[in-house]
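Dear colleague,

I am handing over the structure below, and I would be glad if you could look through it before reading my notes.

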Number of protein chains: 2
Amino acid sequence: MGQSSKILLDHGSGGRLSHSLVNDKMLPVFQNPVLACLNDGAEILIGNERLAFTTDSYVVDPIFFPGGNIGDLAINGTVNDLAVCGAIPLYLSVGMIIEEGFPVADLDAILYQMGVAARKAGILVVTGDTKVVPRGAADKIFINTSGIGKIPEGIEISGHNAKPGDQVILSGTLADHGIAILTQREGMVFDSPVISDTAALNHLVRQMLEMSSGIHVLRDPTRGGLGTTLNEIAAQSHVGIRIVENRIPVKPEVAALCELLGFDPLYIANEGKLVAMVNPDHADNVLSIMQKDELGKDACIIGEVVSGHEGQVFMQTRIGGTRIVDMLTGEQLPRIC
Amino acid sequence: MGQSSKILLDHGSGGRLSHSLVNDKMLPVFQNPVLACLNDGAEILIGNERLAFTTDSYVVDPIFFPGGNIGDLAINGTVNDLAVCGAIPLYLSVGMIIEEGFPVADLDAILYQMGVAARKAGILVVTGDTKVVPRGAADKIFINTSGIGKIPEGIEISGHNAKPGDQVILSGTLADHGIAILTQREGMVFDSPVISDTAALNHLVRQMLEMSSGIHVLRDPTRGGLGTTLNEIAAQSHVGIRIVENRIPVKPEVAALCELLGFDPLYIANEGKLVAMVNPDHADNVLSIMQKDELGKDACIIGEVVSGHEGQVFMQTRIGGTRIVDMLTGEQLPRIC
């Protein structure tokens, strides 16, 4: 938690303070082995059914941005958390907190996009709740989605399963979502604006899992970015992870904006990307499956899992050196999702 | 939705505008038969397992009140929504939106109470999410809980199942939660303050369902109060409901405050009460089971389901007349839960 007596923006960054909030506050209170796994979703057993269960609140600012709005973001984000558990997303809940005075036309636009996203992902919204709070008690609209998925027999995907030798595959370019939000928020105007990558990854994941039994870990690098995600996996699996900077795809305009604004794309949120740790004998096959899908067409191998260096992520830089990639410390971009 | 181009507090009241928000906006966008049932939780089938799935966001103000805080309210409320579907509550998610600067000590107190409530209800918190928004973007803390429960074989509880002749049983006194919140919020000081009734009803419900096969409907009258809940059931089951005013238990101090403040206890939120529609041959048995439980000790039969008067609730008043009990229109008490 750090020493602060107040909650800081950093506690919601997805980085180091977020982790200590979970580890120091939540786990002791709710102690149980399922929660303690700390995957993107919980794996629960009901009768003979293995299910994944996950929740996320969306507080993105602005609520409309190039490539989407808070509505499809809230559907896709939770679908993705289920998908990277290896689950087939089935059912969603939607809980909305709306500020008094919010335009009904904006709500319509958000709901419309949620409907489109849910149909595209093939998930049913089956239950919901709406609260309205007085003007000034919330900023426009917050949306929570919780999801349930079914984990097919034989699927064992977990942040704990990375093994030395595994190839690290990234499904596409980094930092598109975060930079889209930031430039929209700051009112930066470009001829061709950066577009958020918000998308549901479940169909891509389904193909990967159906065609290969060599996938050990799946994770979508959202808040905290790829750097934080890889650190989480390295810690959970007690392995090291080595990545190669010039293999990591970043769109030129995104790279330029990161440079200009002083951000490292490794720590910027993505909303339609995944990272996979794959048995080396299966890596080429998985890669070619991914590249055939629109959402994986830029997929590439960016590194590998190594023994030793337990819990550490390090990167071979463009200039040939090696640097440690730490978990995100501090908050780069509040309200990114 | 009414004609407003802006979202009003009434849209979150649980009453008429809330219903039109759901019916006019949500159902068309997410159209599917499960959502359209509009029970407190959705009944979903995964493999051979019948599950209940529900969500609620808690935005109560103040967050600490006599009898509880936003934390145990968020656990109990969702446990109750599962219980009144006839489900055994199993797993919860917790999504928190916290305002920057929120005191860590308050978060500790809230989490502590959540842990106590979860253990008491016998439910596991297995997944969570925390967002922190900048100062002024949210009022202190909002908590979403979503829950999954298992519906045992043979249980068929739904707002659609009320049958003419069914006895209407209320588990205890009305309006305690709403009046506790209101008096706390307004800074009213009393020798013995009104205490919120926040409590998990699942153990009470379990006993009722295990001992009787004659229970058709269960519902917890939260936002919108008993008046609105009975209207929902009357509409869903295409029946009339007749209640008798002087059988409805209200604590004297709560009744006095309602009188003083101009509130009708029929429309004030409860957070630890249920209403049951029970086959008349089973009603005495169910009542005596309920009265043996601490949370049902004041249970009583307050009326019955009638044929004709489809979708209507009417009440025999203390002075001997009869009046229509409509669904809540307008918002009495924002941020009550």
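What follows is a short account of a sheet in chain A and of how the two chains are related.

This is a predicted model, in which local features need pLDDT of at least 70 and side-chain atom pairs count only at pLDDT 80 or more, while totals for chains, interfaces and linings use all residues. Residues are numbered from 1 along each chain as its sequence is written, and chains are lettered from A and ligands numbered from 1 in the order in which they are written.

Chain A holds an open sheet of seven strands with mixed pairing, in the order β9-β11-β8-β12-β10-β13-β14. Strands here are DSSP runs of E of at least two residues, helices are runs of H or I of at least four, both numbered from the N terminus, and two strands pair if DSSP finds at least two bridges between them. At the edges of the sheet, β9 (215-219) and β14 (322-324) of chain A each pair on one side only. Within the sheet, β8 (residues 167-170) and β11 (residues 275-278) of chain A pair in the antiparallel sense over four bridges, and A:L170 has A:V275 in β11(A) as its bridge partner.

Turning to the two copies, chain A is superposed on chain B by a rotation of 180° with 0.0 Å of shift along its axis (RMSD 0.0 Å), the fit being by least squares on the C-alpha atoms of residues with pLDDT of at least 70 in both. The two copies are thus related as by a two-fold rotation axis, and in chain A the C-alpha nearest that axis belongs to A:A138, at 2.1 Å.

With best regards
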